[in-house]
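This report covers the empty spaces in one protein model and then turns to a single helix.

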Amino acid sequence: MLVAISNTPRDYAWGSPTLIADLEGRTPSGAPEAEVWFGDHPGSPAVVHDGSERTLDAWLSAEAAAHGVAPKLPYLLKLLAAGAPLSIQVHPSKHQAVEGFAREEAAGVPRDAGSRNYKDDNHKPEVIVALSDTFTALAGLRDIDRTRALVDALGDAPAVAALRERLADADASAALRTTIGWLLGEASEAEIAQIVDAAASTTSTEFAAELALAASLHTAYPADPGIVVAMLMNLVQLRRGEAIFVPAGVLHAYVAGLGVEIMAASDNVLRGGLTPKHIDVAELLGLVDFRPAAPPFLRPSVVDGVEVFAPGIADFALGHLASGTASDLELRGVSIALAVDGETVLTGAAGGRVTLVAGQAALITPDESPVTSDGGGEVFVAMPGA
């Protein structure tokens, strides 16, 4: 079966007031619209428009056996619209999530407590594909020599010298671990402000984009230690259709733009700055992969003319049906199609059929594989991974 599903935008403060509305071709609500969730996550399950108007979690619980599918999706698909920077964050591995969740359950930490680190026992790798002409993100820790060069450009204020000293360890991972631990747990607000002021006053052009971002972050989060943590990270400018994959342990933050995001079905987030929320520095330091690396771009494979963003994990893959050409996509398990441009007719192998315009989504059961797009618009299709 192919059946329409829908959800309403979540009004997180960092959301854009226009990007999702513009995609859907409607008048903005005036409120920030940060994310629209297309999945069965209990935090905001989609509604299935099959006449029952059940939420997707309830629909799967009742209908999974009849369709020969699992009663829970392994992934969550989203539209994400960042009008302001999200917090710097990291997600645990599956092993870390299982251990951390059990530990907090045994300690009796309420699941809705602000100090709770592990809301469930799952990992949360994620992929985001840019829909806006540019999508700005921070992803992973930059080459250490480049970071040292950036800090050298900031001059010799005492706090800058303290930052430089901590980055001097010959072991790059150790240097970054020490530095981030100091920034988040020991550096004073005055020291953070001094580093930010040095960044604002430098005349260096080599790191102009990074320094401009630091100034922007300071406006949003004055003297937040995450501003300096961001200066240690890869600044990534995705063009429309480009993607990054963020596995466990990789520090990241989405800064500005509209994208399609798919992740494992989890709500486990540990924050590392640019937030008024709880930061558990010790736990964060135990999760972060401090090895410097290039930005984690994910290039799609192309099968029979169809792009598939597949990071090689069991939780999810993301197919991309471009506009202008009819195409078929082989599915794995229960899938969700999300239109992002134009009007598209999807037809399944079992005879199901649905028409989607930008911002609309549909649930697809496995018996409809392969699903065919008429090429009238652009559609992303979430499904379990290999």
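Which helix gives the largest share of the lining of the largest cavity? In this predicted model, that helix is α8 (residues 208–220), which contributes 3 residues to the lining.

**The cavity**

The search of the whole structure returns 1 cavity of 30 Å³ or more. The space in the largest cavity comes to about 40 Å³. Its lining consists of Leu138, Arg142, Glu210, Leu213, Ala214, Ala230, Met231 and Leu235. By class, 6 of the lining residues are nonpolar and 2 are charged, with no polar residue.

**The pockets**

The volumes and lining classes of two pockets are set out below.

| Pocket | Volume | Nonpolar lining residues | Polar lining residues | Charged lining residues |
|---|---|---|---|---|
| Largest pocket | about 940 Å³ | 17 residues | 10 residues | 11 residues |
| Second largest pocket | about 220 Å³ | 8 residues | 1 residue | 4 residues |

The largest pocket has a volume of about 940 Å³. It is lined by 38 residues, and those closest to its centre are Tyr12, Trp14, Val269, Arg271 and Lys277. Two or more lining residues come from each of β2 (35–38), β4 (75–82), β10 (252–264) and β11 (270–271). Strand β10 supplies the most, with 5 residues.

The second largest pocket has 13 lining residues, and Val303, Val308, Leu329, Glu330 and Arg332 lie nearest its centre. At least two residues of this lining are supplied by each of β12 (301–303), β13 (306–309) and β15 (327–329).

**Helix α6**

Helix α6 (residues 172–185) contains 14 residues. From its first C-alpha to its last it reaches 20 Å, close to the 20 Å expected at 1.5 Å a residue.

What caps the N-terminal end of α6? The cap is Asp171, with a side-chain oxygen 3.1 Å from the backbone nitrogen of Ser173.

Which residues of α6 are buried? They are Ala172, Ala175, Leu176, Thr179, Ile180, Gly181, Trp182, Leu183 and Leu184. In an α-helix there are 3.6 residues a turn, so residues three or four places apart point the same way. Ala172, Ala175, Leu176, Thr179 and Ile180 are among the buried residues of α6, and the buried list also holds the run from Gly181 to Leu184.

The buried residues of α6 pack against one strand, β7 (134–141). They also pack against the helices α4 (144–152), α5 (158–166), α7 (189–201), α9 (226–230) and α10 (281–287).

Definitions and conventions
Residues are numbered from 1 along each chain as its sequence is written. This is a predicted model: local features need pLDDT of at least 70, side-chain atom pairs count only at pLDDT 80 or more; totals for chains, interfaces and linings use all residues. Side-chain values use heavy atoms; hydrogens and water are left out. On a 1 Å grid over the protein atoms alone, a cavity is a set of points where a 1.4 Å probe fits but cannot get out, and a pocket is an open set with protein on both sides within 12 Å along at least five of seven lines; lining residues have an atom within 4 Å of a point. Grid points are joined across faces, edges and corners, and a volume is the space filled by probe spheres set on the points. Helices (H or I, at least four residues) and strands (E, at least two) are DSSP runs, numbered from the N terminus. Ala, Val, Leu, Ile, Met, Phe, Trp, Tyr, Cys and Pro count as nonpolar, Asp, Glu, Lys and Arg as charged, and the others, Gly among them, as polar. The expected span of a helix is 1.5 Å times one less than its number of residues. Buried means under 20% relative accessible area, exposed over 50%, partly exposed in between (1.4 Å probe, protein chains only). Contact means heavy atoms within 4.5 Å. A polar contact is a pair of N or O atoms within 3.5 Å; within protein, one must be able to donate a hydrogen and the other to accept it, and residues adjacent in sequence count only if both atoms are side-chain atoms.
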